[in-house]
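Subject: Handover of a structure

Hello,

Here is the structure I promised to pass on. Please open it alongside this note, which goes through what was found in it.

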Amino acid sequence: MFNRVIVSAVPIIVVLVLGSVLWQYDGMSNSDNSCVLTAENPEGPYYVAGAPQKEKIGEFLDGQRLIISGNILDDNCDPIPDAIVDIWQTDSNGEYYFKDFSLRGKVHANESGFYTVDTIFPGKYADGGQFRPAHLHLKVSSPEGPPLTTQLYFAGDEHHDWLVKPSLILELNEMDGIKYAEFDFIITP
Ligand SMILES: [Fe+2]
C-alpha cells in the first residue's frame, strides 16, 4: 500500500519539477528580452540645438542639486559607448533660459555606456493655465544615431499630467542634501 502511494506520487513530482524548470527557463528568456525602448515624450517648444558638452548642467545657478545616472543600452541590452544625452530644463522657478545655453547641455556616456547628469531640480511652469509637473527634457542618441526624445518626471508630483508615462517617472533618494535617481535609457543606436 505504502509503495503504491510512492509509485503514484512519482509522476506528480516529475511534473512539478519539470514545470518549475520550464517556468524558470521562460523567466530567463524574458529577462534576456527586457530592454524595451524608452518611451518617447514630446519635445515641446523650448529646445535649442547646439548645446555644448558640460560636466554640470546647473552650474552657477541656485537650486536643489540633482544627480541622475544610469546606462544607455540598445534593445539587445548592449551598452552604447559614448552615447549622448542632450538636456534642457527650467531653473528652480520654472524659467527656461535662451542665452548662453544656461540649463542646456550635453552629457557624454563613457565607453561602457554609463552616464551621469549633474544638475539642479527643475521648477514648474504653467502651460495653458495648468502647471506641468517638474520635468527634464532629453534627447538621447548614439554618437551617430537618431535621437530618442523624451521627458523624465518625479514620483509623488501632484501635477502629473496626461503626458506622464509611468516608465518615465524617477524615484528619488536623498543623501547629504543631494537628490539622486537612476534611469537606464534604451535607444536605437
Ligand atoms: Fe518643459
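One cut-off first, as the burial calls rest on it: a residue is buried if 20 or more other C-beta atoms lie within 10 Å of its own, exposed if 12 or fewer, and partly exposed in between. By that count, five of the seven residues of β8 are buried, so this strand is largely enclosed by the rest of the structure. Across the protein chain, 23% of the 189 residues count as buried.

Confidence

This is a predicted model. The mean pLDDT of the protein chain is 87, and 83% of its residues reach 70 or more. The weak part is residues 10–32, where the pLDDT is below 50. Beyond near neighbours in sequence, that stretch has zero contacts in the model. Where pLDDT is low, the predicted coordinates should not be read in detail.

Overall layout

The protein chain has one helix and twelve strands. The helix comes at the N-terminal end of the order, and the strands follow it. Contacts reach far along the sequence: of those with a separation of 6 or more, 71% are between residues 24 or more positions apart.

The five-stranded sheet

Five strands make an open sheet, in the order β3-β2-β7-β8-β9, with mixed pairing. Its edges are β3 (104–108) and β9 (169–170), each of which pairs on one side only. Strands of a sheet pair through backbone hydrogen bonds, either parallel or antiparallel.

Here are some of the pairings:

- β2 and β7 are antiparallel, with five bridges. Ile87 has Leu138 in β7 as its bridge partner.
- β7 and β8 also run antiparallel, joined by five bridges. Val140 stands opposite Leu148 in β8. These two strands form a hairpin with six residues between them.
- β8 and β9 are parallel, with two bridges. Phe154 has Leu170 in β9 as its bridge partner.

The core

Which residues have the most contacts inside the largest nonpolar core? They are Ile72, Val85, Ile87, Tyr115, Val117 and Val140, in a core of 27 residues. Six strands each supply at least two residues of this core: β1 (65–73), β2 (84–88), β4 (114–120), β7 (136–141), β8 (148–154) and β12 (185–186). In soluble globular proteins, nonpolar side chains tend to be buried together.

Val85 is a good place to look inside the core. Not counting residues up to four places away in sequence, Val85 touches Lys106, Val107, Tyr115, Val117, Leu138 and Val140. Two of these partners have come up in the sheet: Leu138 as the bridge partner of Ile87, and Val140 as the residue opposite Leu148.

Loop residues to look at

Thr38 sits in the loop between α1 (2–32) and β1. Is Thr38 buried or exposed? Thr38 has 22 other C-beta atoms within 10 Å, so it is buried. Leaving aside neighbours within four places in sequence, Thr38 is in contact with Leu148, Thr150, Phe185, Ile186 and Ile187. Thr38 and Asp75 are 37 residues apart in sequence, yet 9.5 Å apart in space, C-alpha to C-alpha.

Asp161 lies in the loop between β8 and β9. It counts as partly exposed, because it has 13 C-beta neighbours inside 10 Å. Leaving aside neighbours within four places in sequence, Asp161 is in contact with Arg132 and Pro133. Asp161 and Gln130 are 31 residues apart in sequence and 9.3 Å apart in space, C-alpha to C-alpha.

Backbone angles to check against

Most residues other than glycine have a negative phi, and most peptide bonds are trans. Two residues in the loop between β1 and β2 have a positive phi although neither is a glycine:

- Cys77, at about 70 degrees, is in that loop. Cys77 is partly exposed, with 14 other C-beta atoms within 10 Å.
- Asp82, at about 60 degrees, is in that loop too. Asp82 counts as partly exposed, with 14 C-beta neighbours inside 10 Å.

Best regards

Note on methods. Residues are numbered from 1 along each chain as its sequence is written. This is a predicted model: local features need pLDDT of at least 70, side-chain atom pairs count only at pLDDT 80 or more; totals for chains, interfaces and linings use all residues. A nonpolar core is a set of buried Ala, Val, Leu, Ile, Met, Phe, Trp, Tyr and Cys residues joined through C-beta atoms within 7 Å. Helices (H or I, at least four residues) and strands (E, at least two) are DSSP runs, numbered from the N terminus. Two residues are in contact if their C-beta atoms, placed from the backbone, lie within 7 Å. Two strands pair if DSSP finds at least two bridges between them. pLDDT is the predictor's confidence in each residue, from 0 to 100.
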